[in-house]
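Reader: I am new to this structure and would like a close look at a single part. Could you walk me through the place where the two domains meet?

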Amino acid sequence: MRSAVVVGAGIGGLSVAGALARSGWQVTLLERADRVRPEPTAVVLWPNGVRALRALGLGAGLEAIATPLSDGGVRRPDGHWLVQPRPIPADRMPVVVHREDLHDALIAGLGDRVELRTGVTVRTVRADPGERPAVGDGRNLIEADLVVAADGTDSEIRRRLAPEAAVVSSGSAAWRAVIPWYRAPRLPADRPLGGEVLGAGYRFISASLGERGSSGGSSRGGIYWVATAAGAPRPEPPETQLALLRRWYAGWPSPIGELLEATDPADLVQQEVRELRPLPRAYGFPAGPGGVVLLGDAAHAMPPHLGQGACLAFEDAATLAALLPKTRLPDAVQAYDRMRRPRAATVVRQTRRMSAVLQTRGRLALRARDVALGTFTPRLINTAAASAAQWRPPA
Ligand SMILES: Cc1cc2nc3c(=O)[nH]c(=O)nc-3n(C[C@H](O)[C@H](O)[C@H](O)COP(=O)(O)OP(=O)(O)OC[C@H]3O[C@@H](n4cnc5c(N)ncnc54)[C@H](O)[C@@H]3O)c2cc1C
């Protein structure tokens with residue numbers, strides 16, 4: 001039986017570990033945290049992410065927990081429309097999912113064939129031509145035919161195999177929260193809960209998780225919001241961060257004020273926005289009878305402006321799962337590298353163009369940005385949405 005070690009039980013590692021186990025691999029999943037615990041936030045999945053999850057055999061579970069995300073348009077903080085809401089064709093419709101629901105679905109997909117070891121921090125990797133691939137935690141060495149590095153942005157395995165890829169700050173911080181329905185602000189039924197507002201270096205997006213007031217197939221429905229602001233993460237406690245957010249977004253269109261008022265400091269998740277620059281020179285490293293591959297943020301951490309990080313992690317997992325049964329292992333590692341690098345590079349390029357528009361500051365530049373948003377951004381989002389809609393797992 002072929003064996004794999006997957007490092008990291010984030011959504012990338014969980015999805016690939018389950019897929020390999022379902023196709024008969026002996027899988028060990030190593031996670032440095034004591035528990036496999038998702039953030040209490042949500043994630044937008046574009047059609048490529050949904051298609052990848054279906055290819056991984058996880059589509060049925062997803063339908064029960066996903067809410068379609070209609071286009072709420074883009075406004076300026078003064079309420080002026082930069083991009084009017086438009087109907088989205090069904091094949092381009094993104095969905096929004098609570099991360100805890102997604103994790104539950106991915107954990108259910110592990111079945112009982114994955115050996116999950118928590119509290120294990122991988123510190124070394126062996127990827128030499130003549131030896132079986134292996135990872136070590138400083139005490140034990142675990143060998144396998146395939147090592148999947150799904151250990152996130154600060155991947156230790158990537159640092160060793162592709163040291164040219166540096167983790168850099170994107171110059172902004174993000175705050176997210178899900179307000180459960182029982183604490184959600186009571187707004188007129190005709191006022192949309194979802195949409196996007198863009199100011200100079202500031203952005204606020206909200207989306208409904210489940211039907212207004214009802215959680216649908218999940219017990220975790222509510223309103224998800226994400227705010228990004230230029231600058232570093234704040235060192236203050238969550239209460240002060242929330243007070244700052246309320247000040248920064250004061251006077252922005254409803255429901256932003258109401259949502260920030262209804263947010264509890266304990267709901268708040270703050271994160272520095274970081275990315276890999278440059279991207280790794282390779283995603284696959286043949287070694288002995290198999291090799292090592294980079295997957296998810298370990299391979300292509302990017303700012304969340306197009307909501308594609310998790311979607312690409314699922315694409316990576318679905319690609320690997322499709323290649324492995326048909327191709328000899330070292331060749332599959334190389335084929336994965338050939339398929340995934342150009343794809344990730346395209347999405348990262350689109351994301352960086354979006355970063356350039358979003359980070360515009362200064363009055364003149366802002367006017368240019370407003371024009372760019374009215375023309376360039378719909379085109380960029382269309383291109384990104386089209387490439388998301390077109391992606392197919394390898395046959
Ligand atoms: C504000 C924000 C909003 C976002 N919104 C979206 C969105 O709407 N749509 C979307 O598609 N993407 C979105 N993303 C991106 C998405 O969250 C990530 O791309 C995705 O979570 C990456 O998953 P991963 O499994 O690759 O990495 P991670 O989730 O980082 O998981 C890595 C795991 O590896 C473990 N680990 C790390 N090092 C070691 C080690 N040495 N040994 C053992 N275990 C280790 C960690 O503990 C962790 O569990 C967003 C990101 C941010 C910051």
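Author: Happily; what follows starts with the two domains and their interface, then turns to the ligand and a few details of the chain.

A word on the ground rules: this is a predicted model, where local features need pLDDT of at least 70 and side-chain atom pairs count only at pLDDT 80 or more, while totals for chains, interfaces and linings use all residues. Residues are numbered from 1 along each chain as its sequence is written, and side-chain values use heavy atoms, with hydrogens and water left out.

The protein chain is assigned a domain 1 (3-69 + 99-167 + 276-390) and a domain 2 (169-274); such bounds come from an automatic or database domain assignment. The C-alpha centres of the two domains are 26 Å apart. Where they meet, 28 residues of domain 1 are in contact with 23 residues of domain 2, contact meaning heavy atoms within 4.5 Å.

How much area do domain 1 and domain 2 bury between them? The figure is about 2100 Å², with 53% of it on carbon and sulfur atoms. Buried area here is the accessible area (1.4 Å probe) that two parts lose on being put together, summed over both.

Between domain 1 and domain 2 there are 5 salt bridges, each a side-chain nitrogen of Lys or Arg within 4 Å of a carboxyl oxygen of Asp or Glu. A salt bridge also joins the side chains of R274 and D154, at 2.8 Å from N to O. Across the interface, 8 residue pairs are in polar contact, both residues at pLDDT 80 or more. A polar contact is a pair of N or O atoms within 3.5 Å; within protein, one must be able to donate a hydrogen and the other to accept it, and residues adjacent in sequence count only if both atoms are side-chain atoms.

On the side of domain 1 that touches domain 2, at least two residues each come from α3 (59-65), α4 (99-108), α10 (329-358) and α11 (363-390). Helices are DSSP runs (H or I, at least four residues), as are strands (E, at least two), numbered from the N terminus. The most comes from α4, with 4 residues. That side divides into 14 nonpolar, 6 polar and 8 charged residues; Ala, Val, Leu, Ile, Met, Phe, Trp, Tyr, Cys and Pro count as nonpolar, Asp, Glu, Lys and Arg as charged, and the others, Gly among them, as polar.

Helix α4 also holds R99, which forms a salt bridge with E39, the closest N and O atoms being 3.5 Å apart. E39 lies in the loop between β2 (26-31) and β3 (42-45), so this pair ties together parts that are 60 residues apart in sequence.

Now to the ligand: a backbone N or O atom of A310 lies 2.9 Å from one of its oxygen atoms. A nitrogen atom of the ligand is 3.2 Å from a polar backbone atom of R32.
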